[in-house]
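Got your viewer open? Let's take a walk through this protein, one selection at a time.

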Amino acid sequence: MPGPSTTHEIRLAALPTGLPGAEHFTVAEAAAPAPPPGGLLVRNRWFQVFPAIRSLLGDGVPGAPLPPLRPGDPLPGAAVGEVVEAPDGAGARPGDLVLHWLGWREHAAVPAGAWIPLGDELPDPAAHLSSGLTAYAALTRTAPVRPGETVLVTGGAGAVGSMAGRIARLLGAGRVLGTTRSAWKAARMTGELGYDAALLPGEPLDGGVDVVLDTVGGAQLRAAVDAARPGARVALVGTLAGQLAPGLPGTTGPVELDAHQLVLKEITLRGVTGSAQEARAEWLGRFGAWLRSGDIAFPHTRVRGLDAAPRALQDLIGGRHVGAVLAEV
């Protein structure tokens with residue numbers, strides 16, 4: 001079957017002053033791309049809407065895996081799509097599903113080596129867009145959980161945090177705590193996301209913590225370090241406090257920590273980035289089994305249509321969703 005002649009993609013329309021809104025993005029028609037040499041033409045089915053995209057606007061963050069965005073640029077992001085065209089020997093055929101990082105568009109020209117073939121490990125292909133892999137890698141490799149320990153997750157209702165509570169429990173944690181800024185999110189965290197307690201701003205931590213999975217940074221990371229027990233491990237996953245602060249550019253995550261506490265308690269802090277991919281095969285096996293047994297779920301919201309994604313991003317930044325947000329193309 002011949003490929004399409006035109007396609008649609010979401011582009012950055014203007015750099016925002018402060019937090020981005022739906023008006024800073026536009027859905028544009030473009031000529032359909034051709035597959036690059038050795039690469040694939042993919043028809044996207046779902047892509048993840050993620051608030052950290054604010055860090056890409058303007059100058060971006062040096063060393064980040066995704067490039068900065070200027071007005072007119074199409075947005076990037078994790079996507080699951082169906083192969084439309086593939087050269088011989090590419091390792092994929094038309095109709096196969098693949099995971100790649102050219103979301104926010106109907107069709108993607110994915111270079112060779114920039115996609116992952118998807119099998120039947122998960123009952124729902126869209127679940128490959130879960131942020132559970134990041135949480136799993138953090139809690140098994142970066143800051144491994146030992147049986148009976150207390151785990152604290154900052155931002156426990158976000159894309160990573162909504163998975164991390166159940167994962168920590170399944171890995172043997174004795175107590176799982178999370179933070180959130182919303183009472184209704186706190187109720188969902190303790191009711192369905194595996195948390196023993198959800199802490200709102202100003203509420204003190206009861207007792208110490210052994211493992212911290214931090215997605216927020218800022219004051220919440222500082223409080224977590226203050227509550228850490230000797231030998232605690234901290235996995236740094238995100239900097240939402242800086243990325244979603246209206247008065248900051250979204251490209252920094254400033255936080256002041258007491259170095260005396262880090263030294264005297266022998267606390268370790270390690271970042272989690274691309275190293276999570278090393279755990280991918282192990283994670284998919286366990287995630288698929290846990291989904292089928294009902295031990296875990298994939299908390300997320302789906303919005304229909306490419307044009308719904310900018311509004312979904314605005315709502316996500318405004319704290320109106322629990323878990324991940326997927327756009328169904």
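Start by selecting Tyr136, Trp283, Phe287 and Trp290: ring pairs link these four into a cluster. Keep in mind that you're looking at a predicted model. The structure as a whole holds five aromatic pairs. For one of them, zoom in on Trp283 and Phe287: their ring centres sit 4.4 Å apart and their planes make an angle of 15°, so this pair is stacked.

Now show the cartoon around those two. Both belong to helix 7, where they are four residues apart, about one turn of the helix. Here's a handy bit of background: an α-helix has 3.6 residues a turn, so residues three or four places apart point the same way.

Are these two rings buried or exposed? Trp283 has a relative accessibility of 3%, so it counts as buried, and Phe287, at 0%, counts as buried too. Next, add Trp290 to the view. Its ring and that of Trp283 have centres 6.3 Å apart and planes at 70°, so this pair is edge-to-face. Trp290 is buried, just as Trp283 is.

**Into the core**

Which residues touch the most other members of the largest nonpolar core? Select Leu139, Val151, Ile167, Leu213, Trp283 and Phe287, and you have them, out of 50 residues in that core. Two of the names are old friends from the ring cluster, Trp283 and Phe287. Several elements give two or more residues to the core, among them strand 5 (97-100), strand 8 (150-154), helix 2 (161-170) and helix 7 (280-293). Colour helix 1 brightly, though, since the largest share, six residues, comes from there. In general, nonpolar side chains tend to be buried together in soluble globular proteins.

Before moving on, click Val151. Skipping its neighbours within four places in sequence, Val151 is in contact with Leu139, Val145, Ala168, Ala173, Arg175, Val176, Leu177 and Val211. Then pan over to a second, separate core of 23 residues; Ile10, Phe47, Ile53 and Leu69 are included in it.

**A helix with two sides**

Next stop: helix 3. Select Lys185, Ala186 and Met189, which are buried. Turn the view so that you look down the axis of helix 3: its buried residues fall within an arc of 105°, so they line one face of the helix. What do they pack against? The buried residues of helix 3 meet strand 9 (175-179) and strand 10 (197-199). Now swing round to the other side of helix 3, where Ala183 and Gly191 are exposed.

Stay here for Glu192, which is also in helix 3. With a relative accessible area of 39%, Glu192 is partly exposed. Try a distance label between the C-alpha atoms of Glu192 and Gly165: they are 9.5 Å apart in space, with their positions 27 residues apart in sequence. Just after helix 3, pick out Gly194, which takes a positive phi of about 90°.

**Last stop: a pocket**

Finish at the second largest pocket, with about 240 Å³ of space. Which of its 14 lining residues are closest to the centre? Select Thr179, Leu200, Glu203, Gln220 and Ala223 to see them. Strand 8 and helix 4 (218-227) each supply at least two residues of this lining, and helix 4 gives the largest share, three residues.

Conventions. Residues numbered from 1 in each chain as written. Predicted model: local features only at pLDDT ≥ 70, side-chain atom pairs only at ≥ 80, totals over all residues. Heavy atoms only, no water. Core = buried A, V, L, I, M, F, W, Y, C linked by side-chain atoms within 4.5 Å. Buried < 20%, exposed > 50% of the residue type's maximum accessible area, 1.4 Å probe, protein only. Contact = heavy atoms within 4.5 Å. Phe/Tyr/Trp six-rings, centres within 6.5 Å; stacked < 30°, edge-to-face > 60°. Arc of directions from axis to C-beta. 1 Å grid on protein atoms, 1.4 Å probe; cavity = no way out; pocket = protein on both sides within 12 Å on 5 of 7 lines; lining within 4 Å. Points joined across faces, edges and corners; volume = space filled by probe spheres on them.
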